[in-house]
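This briefing covers one protein model, topic by topic. Please keep the sequence and the structure in view while reading.

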Amino acid sequence: MRKQSGVEVFRITGARQGLADDVRGRQRRYVISMSVRTVAVILAAVLWNVERYVAIVALALGVLLPYVAVVIANAGRENTPSLPSTFVPAPVRPVLDAAPVPGPAEPGPETDGVRRAGESA
């Protein structure tokens with residue numbers, strides 16, 4: 001067994017995502033958003049003379065999506081308030097209880113505190 005006196009233990013679940021992984025994830029979300037925007041603008045152009053209301057909705061989506069995509073991409077790193085504390089104190093070993101000290105016997109159910117003949121008080 002190892003001695004664990006004074007050793008700090010950290011949980012890896014409390015660690016944040018790596019910076020490279022975070023940037024990669026934000027870039028992926030941005031590219032997906034811009035792809036949806038491109039499809040929406042092309043859909044608006046194709047449906048303009050066929051189904052005007054759907055084309056207007058697709059055009060509105062194509063206009064608003066770049067703003068939303070940039071805000072999401074620049075949102076920054078995530079906060080992790082719901083995760084447990086990253087510091088775990090060293091486990092405390094239980095202490096064994098001391099042996100009971102022998103003393104005078106207490107009256108039990110067999111005696112019920114009643115003295116019999118020949119017993120002294």
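In which helix is Leu59 found? Leu59 is found in helix H2, and the model that shows this is a predicted one. The points below start with the overall layout, then turn to helix H1, its salt bridges, Ser33, and finally the surface around Leu59.

**Overall layout**

- The protein contains 2 helices and 2 strands, and along the sequence these follow the pattern β-α-α-β.
- Helix H1 covers residues 19-47, and helix H2 covers residues 52-73.
- Of the protein's 121 residues, 13% count as buried.
- The accessible surface of the protein is about 10600 Å², and carbon and sulfur atoms account for 63% of it.
- Among contacts with a separation of 6 or more, 75% are between residues 24 or more positions apart.

**Helix H1**

- H1 is built from 29 residues, and the distance from its first C-alpha to its last is 42 Å.
- That span is close to the 42 Å expected at 1.5 Å a residue.
- The buried residues of H1 are Asp22, Gly25, Arg26, Ser33, Met34, Ala40, Ala44 and Leu47.
- These buried residues of H1 pack against H2.

**Salt bridges in H1**

- A search of the whole structure gives 2 salt bridges.
- One of them joins the side chains of Arg24 and Asp21, with an N to O distance of 2.8 Å.
- Arg24 and Asp21 are 3 residues apart in helix H1, so about one helical turn separates them.
- Arg24 has a relative accessibility of 48% and therefore counts as partly exposed.
- Asp21 is also partly exposed, because its relative accessible area is 37%.
- Arg26 forms a salt bridge with Asp22, and the closest N and O atoms of this pair are 3.2 Å apart.
- Arg26 and Asp22 lie 4 residues apart in helix H1, which means that about one helical turn separates them.
- Arg26 is buried, because its relative accessible area is 16%, a value under the 20% cut-off.
- Asp22 has 6% relative accessibility, so Asp22 counts as buried.
- In summary, the Arg24 and Asp21 bridge is made by two partly exposed residues, whereas the Arg26 and Asp22 bridge is made by two buried ones.

**Ser33**

- Ser33 is found in helix H1.
- Ser33 counts as buried because its relative accessibility is 16%.
- Leaving aside residues up to four places away in sequence, Ser33 touches Leu65 and Ala69.
- Leu65 and Ala69 fall within residues 52-73, the range of helix H2, so these contacts of a buried H1 residue fit the packing of the buried residues of H1 against H2.

**Leu59 and the nonpolar surface patch**

- Leu59 has a relative accessible area of 38% and is therefore partly exposed.
- A nonpolar patch on the surface is formed by Trp48, Tyr53, Ile56, Leu59, Val63 and Leu64.
- Together the residues of this patch have about 640 Å² of accessible area.
- Leu59 can belong to such a patch because its relative accessible area of 38% is over the 30% that a patch residue needs.
- Trp48, another member of the patch, is 11 residues from Leu59 along the chain, and the C-alpha atoms of the two are separated by 9.6 Å.

Methods:
Residues are numbered from 1 along each chain as its sequence is written. This is a predicted model: local features need pLDDT of at least 70, side-chain atom pairs count only at pLDDT 80 or more; totals for chains, interfaces and linings use all residues. Side-chain values use heavy atoms; hydrogens and water are left out. Patches are made of residues with over 30% relative accessible area and no salt bridge: like charges are joined within 9 Å, nonpolar side chains (Val, Leu, Ile, Met, Phe, Trp, Tyr) within 5 Å. Accessible areas come from the Shrake-Rupley method with a 1.4 Å probe; for residues, only the protein chains shown count as cover. A salt bridge is a side-chain nitrogen of Lys or Arg within 4 Å of a carboxyl oxygen of Asp or Glu. Buried means under 20% relative accessible area, exposed over 50%, partly exposed in between (1.4 Å probe, protein chains only). Contact means heavy atoms within 4.5 Å. The expected span of a helix is 1.5 Å times one less than its number of residues.
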